[in-house]
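Student: I have a model open in front of me and would like to learn how to read its helices with care. Could we begin with how one tells what lies inside and what lies outside?

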Amino acid sequence: SYASPGDGALYFLGVLSGGLTGVARGFFGLLMMRSITALAPSNPDTLYEGGLLWSLVFLGVGVGVLVLNTLSWSCLTVTGEHLTTNLRLALLTKLLHFEVGYFDLEDNSMGSLTEFLGEKVTLLQGLVGEKLGMIAQSVVMLATTVVTMFVWGDWRVSLVVLGCISP
């Protein structure tokens, strides 16, 4: 109830672009393998064509990751700021409705309440904002990497790598 109108779409776009960044990073190992095998032939014509193709693919993936990462970070930061602003405003409005005697207690002094508004609400912004994009990116990257290992790699090596992942 503390989100601003339109924040749902920004959250969705931020998490989606974070997930797509994870897909691109998950396929990075496959791209590296394909580029190395493209540079293996001894024919200079195919070597030049393969090198040019894979360098352009890497450039495209790099630009795509840059755009998606920037989009994810921007959307989630804006929605986190909206949430933080609305939450601080609601808390301050609630504090202004308390009786004067409430502030006489040491735990309810203006300094401790201001510190709460400054620090604890900012922690919520960090959790809901950038961390949410990083979680989406990491989960999708792990899933994409596992699928890539089993589809284009050796299943035995994939099982060994999965066994090495800490729980």
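Tutor: Let us begin with a term: a residue is called buried when its relative accessible area is under 20%, exposed when that area is over 50%, and partly exposed in between, using a 1.4 Å probe and protein chains only. A second term is the helix, which is a DSSP run of H or I with at least four residues, while a strand is a run of E with at least two, and both are numbered from the N terminus. This is a predicted model, in which local features need pLDDT of at least 70 and side-chain atom pairs count only at pLDDT 80 or more, while totals for chains, interfaces and linings use all residues. Residues are numbered from 1 along each chain as its sequence is written, and side-chain values use heavy atoms, with hydrogens and water left out.

Student: Which residues of α2 are buried?

Tutor: In α2, the buried residues are L30, L31, S35 and A38. Seen down the axis of α2, these buried residues fall within an arc of 130 degrees, so they line one face of the helix; the arc is that of the directions from the helix axis to the C-beta atoms. As a general idea, an α-helix has 3.6 residues a turn, so residues three or four places apart point the same way.

Student: What do the buried residues of α2 pack against?

Tutor: They pack against α3 and α5, where contact means heavy atoms within 4.5 Å.

Student: How should I read the length of α1?

Tutor: The expected span of a helix is 1.5 Å times one less than its number of residues. Helix α1, residues 7–26, has 20 residues, and from its first C-alpha to its last it reaches 28 Å, close to the 28 Å expected. Its buried residues include D7, Y11, G14 and G26, and what covers the buried residues of α1 includes α2 (28–38), α3, α4 (110–128) and α5.

Student: Is L10 of α1 buried or partly exposed?

Tutor: L10, which is in helix α1, is partly exposed, with a relative accessible area of 26%. Leaving aside neighbours within four places in sequence, L10 is in contact with C75, V78 and T79. By contrast, G26, also placed in helix α1, counts as buried at 6% relative accessibility. With neighbours within four places in sequence again left aside, G26 is in contact with M141, T144, T145 and T148.

Student: How are two packed helices described?

Tutor: Two packed helices are described by the angle between their axes and the distance between the axes. Here, helix α3 (residues 44–96) and helix α5 (residues 130–152) pack at an angle of about 140 degrees, with their axes 8 Å apart. Axes are lines fitted to C-alpha atoms, for helices over the stretch in contact, and angles run from 0 to 180 degrees between N-to-C directions. The two helices α3 and α5 are therefore oblique to each other, since angles under 35 degrees count as roughly parallel, over 145 as roughly antiparallel, 65 to 115 as roughly perpendicular and the rest as oblique.

Student: Which residues make the contact between α3 and α5?

Tutor: On the α3 side the contact is made by N69, S72, W73, L76 and T77, and on the α5 side by E130, L132, G133 and Q137.

Student: What can be said about buried residues within α3, such as T79?

Tutor: T79, whose place is in helix α3, is buried, with a relative accessible area of 0%. Not counting residues up to four places away in sequence, T79 touches D7, L10 and Y11. T84, also found in helix α3, is buried with a relative accessible area of 4%, and beyond its neighbours within four places in sequence T84 is in contact with V121 and Q125.
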